[in-house]
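Dear colleague,

Please find below the sequence and the structure that I am handing over to you. My findings follow directly after them.

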Protein chains: 2
Amino acid sequence: MSSYSPAETAEKSGFSIDTLRYYEKIGLLSGIARNASGRRVFSDNDLQWLGMLRCLRETGMPIAEMLRYSELARGGAETVRERLELLQAHDRRVEEQIARLREQQEHVKFKIGFYQGAVCEGAPV
Amino acid sequence: MSSYSPAETAEKSGFSIDTLRYYEKIGLLSGIARNASGRRVFSDNDLQWLGMLRCLRETGMPIAEMLRYSELARGGAETVRERLELLQAHDRRVEEQIARLREQQEHVKFKIGFYQGAVCEGAPV
DNA sequence: GGTTGACCTGGAGTGTGCTCCAGGTGGGAT
DNA sequence: ATCCCACCTGGAGCACACTCCAGGTCAACC
């Protein structure tokens, strides 16, 4: 089990050091170890948790809900069902999000087709 | 060719009246007609343009780039190629966005599977 | 003629999620 | 001994995209 400096953690997790500090401040990260001089020391576990946070964040989960999830995760075994439901609800939202993106992308593609036609007419072979 | 009040336009376009005013103020909407007493009167054309804006917005295009697109759209035929390129670039970004979402969704689903296992063990039949 | 309600304007305020800053500490290299 | 650098803290500031507000206008209905 290795340990990582803030800079390493930032690099590996994809969050900036400032964001790591911010996440700890608001409670998304808890129990981050400190060395003798007060500096953060991240563990493999922390990195894994950051991976989860990144995944939730990139799929558009608001911080407030990630916070809820963190609280549950700290709660132990009896919160597993609630965590499951939270993630399932999120999964459905991601599904909808993708569907809407696809649909709107079709419109963009249609417009692209339209412009391609216009370009051809305007500048024929 | 019908005309629409701000309220109708808001309802049909899905943007709030405030957002319509904001869009006009910043230049995303131009040449919106006014009646004798200074109120906005939207045309079918305006509605169509709003549909395009909505589509770009929902696919995550920043306002600044939509503004660029609006300027080009006002520019007439000689900007068609640039508009085409802008939309093509956007289309690629949307594609990436969807791919990333799908990938992260897989992680969420994996976690869901994990919790489902945990729930089963914790509360067997 | 008064009230209502949809609309107008310029400008201030809001929510979200960071990002930056000033001032300070501790440990290692020169 | 001194310098540098990565890190610390609390708190201010910022970018984005709206959203709200005060104060006013106008047309229509009672």
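A:Phe42 belongs to strand S3 of chain A, which covers residues 40-43. The model is a predicted one, and the remarks in this message should be read in that light. With 23 other C-beta atoms within 10 Å, A:Phe42 is buried; the cut-off for that class is 20 or more. Leaving aside residues up to four places away in sequence, A:Phe42 touches A:Ser3, A:Tyr4, A:Thr9, A:Ile32 and A:Leu47. A:Arg57 stands 15 residues from A:Phe42 in sequence, and the two C-alpha atoms are 20 Å apart in space.

The sheet of chain A

Strand S3 is part of an open sheet of 3 strands in chain A, with the order S1-S3-S2 and antiparallel pairing. Strand S1 (3-4) and strand S2 (33-34) of chain A are the edge strands, since each pairs on one side only. In general, the strands of a sheet pair through backbone hydrogen bonds, either parallel or antiparallel.

On one side, S1(A) pairs with S3(A) over 2 bridges in the antiparallel sense. Here A:Ser3 has A:Ser43 in S3(A) as its bridge partner. On the other side, S2(A) and S3(A) run antiparallel and are joined by 2 bridges, with A:Arg34 opposite A:Arg40 in S3(A). S2(A) and S3(A) also form a hairpin, in which 5 residues lie between the two strands. A:Gly38 in the turn of this hairpin has a positive phi of about 90 degrees.

Chain A as a whole

Chain A has 5 helices and 3 strands. Read from the N terminus, its elements follow the order β-α-α-β-β-α-α-α. The radius of gyration of chain A is 22 Å, whereas the globule rule gives 14 Å for 125 residues, so the chain is more spread out than a compact globule. The C-alpha trace of chain A spans about 75 × 35 × 25 Å along its principal axes. Of the 125 residues in chain A, 19% are buried. Among the contacts in chain A with a separation of 6 or more, 50% are between residues 24 or more positions apart.

The two protein chains

Chain A and chain B meet through 30 residues of chain A and 30 residues of chain B. On the side of chain A that touches chain B, helix H3 (44-58) and helix H5 (80-122) each supply at least two residues. H5(A) provides the largest share of that side, with 26 residues. By class, the residues on this side of chain A are 13 nonpolar, 9 polar and 8 charged.

How are the two copies related? Chain A is superposed on chain B by a rotation of 180 degrees with 0.0 Å of shift along its axis, at an RMSD of 0.1 Å. The copies are thus related as by a two-fold rotation axis. A:Ile98 is the residue of chain A that comes closest to the rotation axis, with its C-alpha at 3.1 Å. Both copies use the same surface, for 100% of the contact residues of chain A recur in chain B.

The surfaces near the DNA

Which residues come nearest to DNA strand C? Of the 17 residues around DNA strand C, the nearest are A:Ser37, A:Ile63, B:Ser5, B:Ala7 and B:Arg40. Helix H2 (17-26) and helix H4 (63-75) of chain A, together with helix H1 (6-13) of chain B, each supply at least two residues of the surface near this strand. The largest share, 3 residues, comes from H2(A). The surface near DNA strand C has 7 nonpolar, 5 polar and 5 charged residues.

For DNA strand D, 17 residues lie around the strand, and A:Ser5, A:Ala7, A:Arg40, B:Ser37 and B:Ile63 come nearest. A:Arg40 is also the residue that A:Arg34 stands opposite in the sheet described above. Helix H1 (6-13) of chain A and, from chain B, helix H2 (17-26) and helix H4 (63-74) each supply at least two residues of the surface near DNA strand D. H2(B) gives the most to this surface, with 3 residues. By class, the surface near DNA strand D is made up of 7 nonpolar, 5 polar and 5 charged residues.

With kind regards

Terms used: Residues numbered from 1 in each chain as written. Chains lettered and ligands numbered in written order. Predicted model: local features only at pLDDT ≥ 70, side-chain atom pairs only at ≥ 80, totals over all residues. Near = placed C-beta within 6 Å. Helix = DSSP H or I, 4+ residues; strand = E, 2+ residues; numbered from the N terminus. Nonpolar A, V, L, I, M, F, W, Y, C, P; charged D, E, K, R; others polar. Rg over C-alpha atoms; globule rule 2.2 N^0.38 Å. Buried ≥ 20, exposed ≤ 12 C-beta atoms within 10 Å, placed from the backbone. Contact = placed C-beta atoms within 7 Å. Least-squares fit on C-alpha atoms with pLDDT ≥ 70 in both. Pairing = 2+ DSSP bridges.
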